Amino acid sequence: MELRFVAPDLHRLDDTPAEVIACGVWSDERPMRGLAGLLDWRLAGRVSKLLRESFTKGEVGDVLCVQGRPRLPYEKVLFVGVGERASFDEERFRTALARLLGTLSGLHVKRAVVELPGRAGDRIAPERAAELALEAARDSEDHDAWWLVEPPEAQAKIASRTNDERRRGLGASA
């Protein structure tokens, strides 16, 4: 899977050629922030309404799929529950990521824009989040490219780490 980057800005997101956009949603954060908040704003508060009505709660294992068009350039918008912010750890990240990967595979999505679970609010370091995501998707041929939603400083950290890993991998096979 190839990793690319896009800044958390609606105009930049609109120009990203992917089928689906996905992000985490906390069970204890209202109003939503990060990408979830931007998407909810663009969707005219539809997700906030579903949360208020307890259609979904943002608990670990929850996945909400809503239609993106015509308000967004994506067919589908996925909100993956990551639970309470204070309880978020690497185990929770792996659980939410597995749920995200499984959902994207089930939808036969090859190209997605993704805000990795816990990255909204910096609950996991960007390099570690990308490392775990690549590790989880390594054996899957279901995903061609992900555009990670990250600010420029986090993009640089992730790019540096993935380049280091790539060099190590090439060195090991030489």
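In the predicted model, helix α5 is the element that contributes most to the lining of the largest pocket, with five residues. This pocket holds about 320 Å³ of space, and 12 residues line its walls. Of these, E131, L134, E135, R138 and E165 lie nearest the centre of the pocket. Two elements, α5 (126–137) and α6 (152–173), give two or more residues each to the lining. Sorted by class, the lining of the largest pocket consists of six charged, four nonpolar and two polar residues.

The second largest pocket has a volume of about 210 Å³. Its lining is made up of 15 residues, with R119, A120, D122, E150 and P151 nearest the centre. Helices α2 (34–42) and α6 each provide at least two residues of this lining. The largest share, three residues, is that of α6. The lining of the second largest pocket divides by class into seven nonpolar, six charged and two polar residues. Helix α6 thus recurs in both pockets, as it is listed among the elements lining the largest pocket and among those lining the second largest.

A search for enclosed space across the whole structure returned one cavity of 30 Å³ or more. The largest cavity contains about 40 Å³ of space. The residues that line this cavity are G24, V25, W26, E29, M32, R33, A36, E115 and A120. Strand β2 (residues 20–26) supplies three of the lining residues and gives the most to the cavity. By class, the cavity lining comprises five nonpolar, three charged and one polar residue. Residue A120 appears in this lining and is also one of the residues nearest the centre of the second largest pocket.

Helix α5 was further examined for its packing against α4. The axes of α4 (residues 90–106) and α5 come within 11 Å, with a crossing angle of roughly 45°. At this angle the two helices are therefore oblique to each other. The crossing of α4 and α5 is right-handed. On the α4 side, the contact is formed by E90, F93, R94, L97 and L101. On the α5 side, the participating residues are R128, A129, L132, A133, E135, A136 and A137. The contact of α4 with α5 involves eight nonpolar and four charged residues, and no polar ones. Residue E135 takes part in this helix contact and is also among the residues nearest the centre of the largest pocket.

Backbone geometry was considered next. Most peptide bonds are trans, and most residues other than glycine have a negative phi. Two cis bonds and one positive phi value are described here against that background. The peptide bond from R30 to P31 is cis, its omega being near 0°. P31 is located in the loop that connects β2 and α2. Strand β2 is also the element that gives the most to the lining of the largest cavity, and α2 is one of the elements lining the second largest pocket. The bond from R69 to P70 is likewise cis, with omega near 10°. P70 lies in the loop between β3 (63–67) and β4 (76–83). Residue S54, which is not glycine, has a positive phi near 60°. S54 is placed in the loop between α3 (46–52) and β3.

Technical notes
Residues numbered from 1 in each chain as written. Predicted model: local features only at pLDDT ≥ 70, side-chain atom pairs only at ≥ 80, totals over all residues. Heavy atoms only, no water. 1 Å grid on protein atoms, 1.4 Å probe; cavity = no way out; pocket = protein on both sides within 12 Å on 5 of 7 lines; lining within 4 Å. Points joined across faces, edges and corners; volume = space filled by probe spheres on them. Helix = DSSP H or I, 4+ residues; strand = E, 2+ residues; numbered from the N terminus. Nonpolar A, V, L, I, M, F, W, Y, C, P; charged D, E, K, R; others polar. Axes fitted to C-alpha atoms, helices over the stretch in contact; angles between N-to-C directions. Parallel < 35°, antiparallel > 145°, perpendicular 65-115°, else oblique. Left-handed = near helix turned anticlockwise from the far one by under 90°. Contact = heavy atoms within 4.5 Å.
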